[in-house]
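Me: Here's a structure I'd like to go through with you. I'll keep asking what earns each label, and you set the values against the cut-offs.

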Amino acid sequence: MSKRTKKVIYERLDTTNVGGGSVLVERSSVVKRVEVEMFVQLYVEDMSWCNCLVNITDYRLLFYLLGEVYYGSDLVHIVLNKRKKGIIGDILGISIRCVEKSIYNLVSCNVLIRIGRGVYAINPKLIYKGYYKDRGKVIDYVFDNRSNT
């Protein structure tokens, strides 16, 4: 069971001079509930994949994809068809060809695992987002369904 805590994500102090040397201070805060599953877990036993990614576009694509995936649901698969690549390219300000090259680099570095044609998963042995108790099942699923092509 995850521990739920509230965290102040933004705090502002407003001061107003009300005259006569008096200052009125108002504090306003925005509070958000934070859960462990909202964070990306990076497993540092093998960080050699970081040396494999030499292009900043590869990292930008990886961070975009991390925002799209959550292993605690049915979003294990990342579908990267031509339309989705175009959308990603528009968001990142790069061409579809650059998106495709970054996908190739991420697969070559074993960061993305190809499940099928245009279907990928982020390697849960390296980077994981979801409930820790489910990580073993996700690793088994991803590697049992890995495409050999």
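Me: Why does E100 count as partly exposed?

Reply: Its relative accessibility is 31%. Buried means under 20% relative accessible area and exposed means over 50%, with partly exposed in between (1.4 Å probe, protein chains only). E100 therefore goes in the middle class. Bear in mind that this is a predicted model, where local features need pLDDT of at least 70 and side-chain atom pairs count only at pLDDT 80 or more, while totals for chains, interfaces and linings use all residues. Numbering starts from 1 along each chain as its sequence is written, and side-chain values use heavy atoms, leaving out hydrogens and water.

Me: And what makes E100 and K85 a salt bridge?

Reply: The N to O distance between their side chains is 3.7 Å. The rule asks for a side-chain nitrogen of Lys or Arg within 4 Å of a carboxyl oxygen of Asp or Glu, so the pair qualifies. E100 sits in helix α4 and K85 in helix α3, so the bridge ties together parts that are 15 residues apart in sequence. K85, at 15% relative accessibility, counts as buried.

Me: What makes you call α3 and α4 helices?

Reply: They're DSSP runs: H or I over at least four residues makes a helix, E over at least two makes a strand, and numbering goes from the N terminus. That gives five helices and seven strands in the chain.

Me: How do you know that K84 forms a salt bridge with E68?

Reply: Same test: their closest N and O atoms are 3.5 Å apart, which is inside the limit. K84 lies in helix α3 and E68 in helix α2, so parts 16 residues apart in sequence are tied together. Both partners are partly exposed: K84 has 21% relative accessibility, and E68 has 38%.

Me: What makes K133, D134 and K137 one network?

Reply: Salt bridges that share partners join them. In one of these, the side chains of D134 and K137 meet at 3.3 Å, N to O. D134, at 13% relative accessibility, is buried, whereas K137, at 58%, is exposed. The whole structure has four salt bridges.

Me: How do you know that D58 has no salt bridge?

Reply: The nearest side chain of opposite charge, K101, is 7.4 Å away, which fails the distance test. (Lys and Arg count as positive, Asp and Glu as negative; His and the chain ends are not counted.) D58 is buried all the same. It lies in helix α2, residues 56-68. Leaving aside neighbours within four places in sequence, D58 is in contact (heavy atoms within 4.5 Å) with L53, S102, N105 and L106.

Me: What makes something a nonpolar core, and which residues touch the most other members of the largest one?

Reply: A nonpolar core is a set of buried Ala, Val, Leu, Ile, Met, Phe, Trp, Tyr and Cys residues joined through side-chain atoms within 4.5 Å. The largest has 23 residues, and L62, L65, I88, V111, L112, I122 and I127 touch the most other members. Helices α2, α3 (82-92) and α4 (96-108) and strand β6 (119-122) each supply at least two residues. The biggest giver is α2, with five. Not counting residues up to four places away, L62 touches W49, L106, V111, I122 and I127. There's also a second, separate core of nine residues, including Y43, V119, V138 and V142.

Me: Why are β4 and β5 called edge strands?

Reply: Two strands pair if DSSP finds at least two bridges between them. By that rule, three strands form an open sheet in the order β4-β6-β5, with antiparallel pairing. Strands β4 (78-79) and β5 (112-116) each pair on one side only. Four bridges join β5 to β6, which passes the test. L112 stands opposite I122 in β6.

Me: Last one: why is Y120 called buried?

Reply: Its relative accessible area is 10%, so it falls below the buried limit. Y120 is found in strand β6. Beyond its neighbours within four places in sequence, it is in contact with a list of residues that includes V76, I78, I103, L112 and I115. L80 is on that list too: Y120 and L80 are 40 residues apart in sequence and 7.5 Å apart in space, C-alpha to C-alpha. Across the chain, 36% of the 149 residues count as buried.
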